[in-house]
Structures are given as C-alpha cells and as structure tokens.
Amino acid sequence: MQLLNQILFGIYPYIALSVLALGSVIRFDREQYTWRSGSSQLLRRKQLVMGSVLFHVGVLTIFAGHFVGLLTPIWVFDALGVPHGAKQILAMAAGGVAGALCLVGGLMLLHRRLFDPRIRATSSFGDTAILVLLMLQLILGLATIPVSAGHLDGHEMLKFMNWAQGVFTFRPGVADLVADVHPIFKAHLALGMTILLVFPFTRLVHMLSAPVWYLNRRGWQLVRTRRTMPLRREAAPPTYPATAAAPLPHTSIQAVRPDTLKAAE
Ligand code: HEM
C-alpha cells in the first residue's frame, strides 16, 4: 500500500507532467493541423450551444479554482488573512456550483456525441473517451465535497496544497503528504494526473491555444465563392479554377482569410 502510494503520488505526477509538456510540444511541432477543438457545430448546433456553454463555464471556473487554490503558496493566504476554513468552504461552494454546471453541460455534450449518428460517426475514440474521463473526474470531485464537509477547518486541504506545491518544488517524500487522505481524494488525484497524461493526445490541446488564437482567429479557410473581385493584396490567395470537383458554374475554390470574407462580400 505504501509502495502504491509512492508510485501514484510521488512518481506518477512527474510522468504525467513530462508527457503533458513534451507531448504537447511534439504534437504542436509535428501535427499542427490536428491541433484543434474538432468542432462538430456544423453537424448539429442545437444542444451544442447550451451544453458547451455550461461545460466551459464550469470547467474554466474549476480550472482557475484548482490552479489558484492548489498552487498559491499557503503563506500568501495567511498574509492576506484568509482563514483556512474560509478557503475550504469557498472551494466546496464555488467548486460545487461550477462542478454541477459542468456536469450538466458535459452530459449534454456526451449524449449528443453518443446518440447523434452523424456526430458519433465523425468522433474519434479519443473525442468520446476524454469526455467520459472528464465526467468521471467531475463525479469524483463532487463526491469529495461531503468528505470535505467533515473537516471544515481546512486541514485536509492544506495537505493537498502542500502536495501539489511539493511536486513542483521536487520536495522529497512528497507522496507521504497525502498518504492518509480519504480514498475518494486519492482516486480524484490519480484520475486528474491521468487526464494530464492523455491531454496532448486529445482535443483538449485547444485549451493551450484558445486564448491566443481563437480571440483573433487567423488562418486560411477554403470556400466556394462566386466572387470575381480580387482579394486584398496582402490576403491574395491561391485560386483554383472550378473543376469536376467543384461543379457549380461561375465559382472557384479559394483559400481566403476568414477576416476578409465579410468585408469583401
Ligand atoms: C491533476 C488534476 C487535479 C487535481 C490535482 C485535483 C485536486 C482536487 C482536490 C485536492 C480537491 C479537493 C479540494 C478541497 O476540498 O480541499 C478537488 C475538488 C474538486 N475537483 Fe479536482 N483536481 C484535478 C482535476 C479536476 C478536474 C479535471 C475536474 C473537472 C473536470 C475537477 C473537479 C473537481 C470538483 C468539482 C471538485 C469539488 C469542488 C472543489 O472542492 O473545488 N478536478 N480537486
């Protein structure tokens, strides 16, 4: 048991974080065209919007809460005069609400992915598996709340903060810090690290680029256009004459920048 604890919470974090970092860099370098969220909005918009908004609001809140809650040095909270008990209650309340929103949204997305034949046919194993893993992780996370309610002074939470920060500071014997916590927490931590491990092989990679690229989306988009006017000079794309593959009369396939489309048409 002691050995399993060492492996899971002393060694596995480093394997997961290394695969996350190296895997993401290698995928970005070698397979940039697969670096996307793989949107299925074109296939079925209904249910996506509501599910996606709930899921993303929830998951981003949880992500920010985990990041700040686990990785902010404890002395910062002490210096700000935030009692450990108050932080524990905030984590349970805010995390609980965000977790519930995320679960409802995520289940809508999962339902759509499994039961819409067109979306199912265009989904990879990874698309469905990562959603299932996230839902399991959410259920485990929500299941920690009643356990945390048993120690509202926040002393268990300090163990997780020390553990998470200890991993990043290479603290010797870091696994011992969580050796005696409730098994639900252990399962949640282990699955959390597994999600980090598989991250580079899934559509989750869009999280890394979303803030940078999506807000001012650039790049080329292939469109069938009737347009004969030349595009803006700096955006002048290669133009391919209509062929059997593009049978509509007076059209051509052009690669255009999405931001020039509306302006020119
Ligand atoms: C390596 C990744 C993760 C770690 C180390 C981690 C760690 C934790 C810890 C220690 C708690 C208990 C906080 C407390 O009550 O003191 C917790 C709670 C929770 N986690 Fe995670 N977690 C991870 C990933 C995730 C993910 C990916 C999700 C959702 C998709 C999630 C959802 C939740 C929820 C809903 C709670 C309960 C509310 C809360 O206390 O914030 N966790 N997590």
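A residue counts as buried here if 20 or more other C-beta atoms lie within 10 Å of its own, as exposed if 12 or fewer do, and as partly exposed in between, with C-beta atoms placed from the backbone. Keep that scale at hand for the whole tour.

The model is predicted, so local features need pLDDT of at least 70 and side-chain atom pairs count only at pLDDT 80 or more, while totals for chains, interfaces and linings use all residues. Numbering runs from 1 along each chain as its sequence is written.

**Stop 1: the whole chain**

Start with a cartoon view. You will find 10 helices and three strands; these are DSSP runs numbered from the N terminus, with helices (H or I) of at least four residues and strands (E) of at least two. Followed along the sequence, the order is α-α-α-α-α-α-α-α-α-β-β-β-α. Now colour by burial: 19% of the 265 residues count as buried. Two residues are in contact if their C-beta atoms, placed from the backbone, lie within 7 Å. Among contacts between residues at least 6 apart in sequence, 78% join residues at least 24 apart.

**Stop 2: α1 and its kink**

Select 2-30, which is α1. This helix has 29 residues and reaches 40 Å from its first C-alpha to its last, close to the 42 Å expected at 1.5 Å a residue; the expected span is 1.5 Å times one less than the number of residues. Zoom in on Y12, where there is a kink of about 45 degrees, shortly before the proline P13. The bend at a residue is the angle between axes fitted to the seven residues ending there and the seven starting there.

Next, show the side chains of F9, P13 and A16 together with G10: these are the buried residues of α1. They pack against α7 and α8.

**Stop 3: the largest nonpolar core**

Stay with F9 and add F160, W163, A164, V174 and V178. Of the 18 residues in the largest nonpolar core, these six touch the most other members. A nonpolar core is a set of buried Ala, Val, Leu, Ile, Met, Phe, Trp, Tyr and Cys residues joined through C-beta atoms within 7 Å. The elements that give two or more residues to this core are α1, α7 and α8, and α7 gives the most, with six residues.

Centre the view on V178. Leaving aside neighbours within four places in sequence, V178 is in contact with F9, K159, F160, W163, K186 and L189. Apart from this core lies another, of nine residues, including L54, C102, L134 and L138.

**Stop 4: α2 against α4**

L54 leads on to α2, so select 48-71. At 1.5 Å a residue, the 24 residues of α2 should span 34 Å, and its end C-alpha atoms are 33 Å apart, which agrees. Highlight L48, G51, L54, F55, G58, I62 and G69, which are buried in α2. Show α4 as well, since the buried residues of α2 pack against it.

Two residues of α4 deserve a click. A100 is in this helix and is partly exposed, with 14 other C-beta atoms within 10 Å. A100 and L54 are 46 residues apart in sequence and 9.2 Å apart in space, C-alpha to C-alpha. R113 is also found in α4 and counts as buried because it has 20 C-beta neighbours inside 10 Å. Leaving aside neighbours within four places in sequence, R113 is in contact with I119, R120, S123, D127, T128 and L131.

**Stop 5: around the ligand**

Which residues come nearest to the ligand? Of the 27 around it, the answer is G95, G99, G141, M157 and G192; a residue is near if its C-beta atom, placed from the backbone, lies within 6 Å. At least two shell residues come from each of α2, α4 (84-115), α6 (125-148), α7 (155-168) and α8 (183-198), and α6 supplies the largest share, eight residues.

Colour the shell by class: 15 residues are nonpolar, 12 are polar and none is charged. Ala, Val, Leu, Ile, Met, Phe, Trp, Tyr, Cys and Pro count as nonpolar, Asp, Glu, Lys and Arg as charged, and the others, Gly among them, as polar.

**Stop 6: two loops**

Select A149 in the loop between α6 and α7. A149 is exposed, with 11 other C-beta atoms within 10 Å. Measure across to M92: the two are 57 residues apart in sequence and 8.2 Å apart in space, C-alpha to C-alpha.

Finish at F170, in the loop between α7 and α8. With 8 C-beta neighbours inside 10 Å, F170 counts as exposed. Check its backbone too: phi of F170 is near 55 degrees, a positive value in a residue other than glycine. Most residues other than glycine have a negative phi.
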